[in-house]
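Please look over the sequence and the structure shown below before reading on. The briefing is arranged by topic, for a reader at the bench.

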Amino acid sequence: MFTVTDKASEAIKEFLKERDSNSAVRITMAMSCCGPALGMSLGEQNSEDQEFNEKGIKFIIDKKLLEQAQPINVDFVESACGSGFKLTSAFTPAEGCGSSCCGC
């Protein structure tokens, strides 16, 4: 399962207005001192990807990552510290390092 909130879709569409409209939004996983974290980038689809069209936006996710992390939800949050995308999933990351540099 893959879901995108209305606020997130609006923010992504605004971002894509200035870029190649044929680009897909790739959901990725990166490692940091806090453990694995989901992220987003623009990319091209390949044979190992699952495609989702949510609210008029094309998303791609590696099928193996999707199996491990689903359900995945993309949201856009605003707080006193700023605003940005928040990607959540059932994937439980390893314990963080406890460093304040990255909010672990």
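What follows covers the nonpolar core, one helix, the aromatic residues and the salt bridges.

This is a predicted model. Its largest nonpolar core has 20 residues, and by the rule applied here the count of salt bridges comes to five, while the aromatic pairs number three.

**Nonpolar core**

- Within the largest core, the residues with the most contacts are Phe-2, Ile-27, Phe-59, Ile-61, Ile-72 and Val-74.
- Two or more residues of this core come from each of strand E1 (2–4), helix H1 (6–16), strand E2 (24–32), strand E5 (57–62), helix H2 (63–69) and strand E6 (72–79), and H1 gives the largest share, four residues.
- Ile-27, when its neighbours within four places in sequence are left aside, is in contact with Phe-2, Leu-38, Gly-39, Met-40, Phe-59, Ile-60, Ile-61, Leu-65, Val-74 and Leu-87.
- As a general background, nonpolar side chains tend to be buried together in soluble globular proteins.

**Helix H1**

- The buried residues in H1 are Ala-8, Ser-9, Ala-11, Ile-12 and Leu-16.
- Seen down the axis of H1, these buried residues fall within an arc of 165°, so they line one face of the helix.
- Those buried residues pack against E1, E2, strand E3 (35–43), E5, E6 and strand E7 (82–89), whereas the face turned away from the buried side carries the exposed residues Asp-6 and Glu-10.

**Aromatic residues**

- Phe-2, Phe-52 and Phe-59 form one aromatic cluster, and both Phe-2 and Phe-59 are also listed among the residues with the most contacts inside the largest nonpolar core.

**Salt bridges**

- Lys-55 forms a salt bridge with Asp-6, with the closest N and O atoms 3.7 Å apart.
- Because Lys-55 lies in the loop between strand E4 (49–54) and E5, and Asp-6 in helix H1, this pair ties together parts that are 49 residues apart in sequence; Lys-55 counts as partly exposed, at 35% relative accessibility.
- Glu-78 and Lys-7 meet through their side chains in a salt bridge of 3.1 Å, N to O, which links distant parts of the chain, since Glu-78 is in strand E6 and Lys-7 in helix H1, 71 residues apart.
- Glu-78 counts as exposed at 56% relative accessibility, while Lys-7 counts as partly exposed at 41%.
- Lys-58 forms a salt bridge with Glu-51, the closest N and O atoms being 3.9 Å apart; Lys-58 is partly exposed, with a relative accessible area of 29%, and Glu-51 counts as partly exposed at 32% relative accessibility.

Note on methods: Residues numbered from 1 in each chain as written. Predicted model: local features only at pLDDT ≥ 70, side-chain atom pairs only at ≥ 80, totals over all residues. Heavy atoms only, no water. Core = buried A, V, L, I, M, F, W, Y, C linked by side-chain atoms within 4.5 Å. Buried < 20%, exposed > 50% of the residue type's maximum accessible area, 1.4 Å probe, protein only. Contact = heavy atoms within 4.5 Å. Arc of directions from axis to C-beta. Phe/Tyr/Trp six-rings, centres within 6.5 Å; stacked < 30°, edge-to-face > 60°. Salt bridge = Lys/Arg side-chain N within 4 Å of Asp/Glu carboxyl O.
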